[in-house]
Amino acid sequence: MLLLLLGIIVLHVTVLVLLFVSTIVSQWLVNGEHTADLWQNCTSGSVFHCLTSSTNGQWLDSMIPGVSPNLIDSVI
């Protein structure tokens with residue numbers, strides 16, 4: 001039972017580390033003049049122009065209820 005609990009804790013900590021690293025690094029896709037990350041898509045041709053990744057943030061709103069229990073469980 002202790003081994004199962006330890007495995008769950010390690011899994012949660014790993015997920016948190018990956019979440020923080022991917023958010024901090026921020027640029028997931030870099031292709032010439034185009035960069036994309038969690039928050040915006042940017043092009044840097046003759047004019048630097050950024051658009052939000054999501055028009056109204058629905059995907060982020062749908063992720064928050066799933067991430068919050070994981071965060072609470074990993075702290076406990």
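Select strands 3 and 4 in this predicted model: the two run antiparallel and are joined by five bridges. Strand 3 covers residues 40–44, and strand 4 covers residues 48–52. Three residues lie between the two strands, and together the strands form a hairpin. To pick out one rung of this pairing, show Asn 41 and its bridge partner in strand 4, Leu 51.

Keep strand 4 selected and colour by accessibility. How many of the five residues of strand 4 are buried? The number is zero, so strand 4 lies largely in the open.

Move to Ser 44, which belongs to strand 3. Ser 44 counts as partly exposed because its relative accessibility is 35%, a value that falls between the 20% limit for buried and the 50% limit for exposed. Then add Gly 32 and draw a C-alpha to C-alpha distance: the pair is 12 residues apart along the chain and separated by 8.7 Å.

Now zoom out to the whole chain. The protein has two helices and four strands, and their order along the sequence is α-β-β-β-β-α. Helix 1 spans residues 2–25, and helix 2 spans residues 58–75. The chain holds 76 residues, of which 13% are buried. Among contacts with a separation of 6 or more, 13% link residues 24 or more positions apart. The accessible surface of the protein is about 6,100 Å², and carbon and sulfur atoms account for 71% of that area.

Next, select His 12 in helix 1. Is His 12 buried or exposed? With a relative accessible area of 16%, His 12 is buried, because the limit for that class is under 20%. Show what surrounds this side chain. Beyond the neighbours within four places in sequence, His 12 is in contact with Asn 70, Asp 73 and Ser 74.

Follow that list to Ser 74, which sits in helix 2. Ser 74 is also buried, at a relative accessible area of 18%, again under the 20% limit. Leaving out residues up to four places away in sequence, Ser 74 touches His 12 and Leu 16. The contact between His 12 and Ser 74 therefore appears from either end of the selection, and it joins a residue of helix 1 to a residue of helix 2.Stay in helix 2 and select Leu 71. Leu 71 is partly exposed, with a relative accessible area of 40%. Add Val 13 and draw another C-alpha to C-alpha distance. Leu 71 and Val 13 are 58 residues apart in sequence, and the distance in space is 8.8 Å.

Val 13 leads to the last stop, a surface patch. Which residues make the nonpolar surface patch of about 530 Å²? Select Leu 2, Leu 5, Ile 9, Val 13, Val 17 and Val 21. Leu 2 is placed in helix 1. At 67% relative accessibility, Leu 2 counts as exposed, because that class begins over 50%. For contrast, keep His 12 on display: this residue of helix 1 is buried, whereas Leu 2 is exposed.

Terms used
Residues are numbered from 1 along each chain as its sequence is written. This is a predicted model: local features need pLDDT of at least 70, side-chain atom pairs count only at pLDDT 80 or more; totals for chains, interfaces and linings use all residues. Side-chain values use heavy atoms; hydrogens and water are left out. Patches are made of residues with over 30% relative accessible area and no salt bridge: like charges are joined within 9 Å, nonpolar side chains (Val, Leu, Ile, Met, Phe, Trp, Tyr) within 5 Å. Accessible areas come from the Shrake-Rupley method with a 1.4 Å probe; for residues, only the protein chains shown count as cover. A salt bridge is a side-chain nitrogen of Lys or Arg within 4 Å of a carboxyl oxygen of Asp or Glu. Buried means under 20% relative accessible area, exposed over 50%, partly exposed in between (1.4 Å probe, protein chains only). Contact means heavy atoms within 4.5 Å. Two strands pair if DSSP finds at least two bridges between them.
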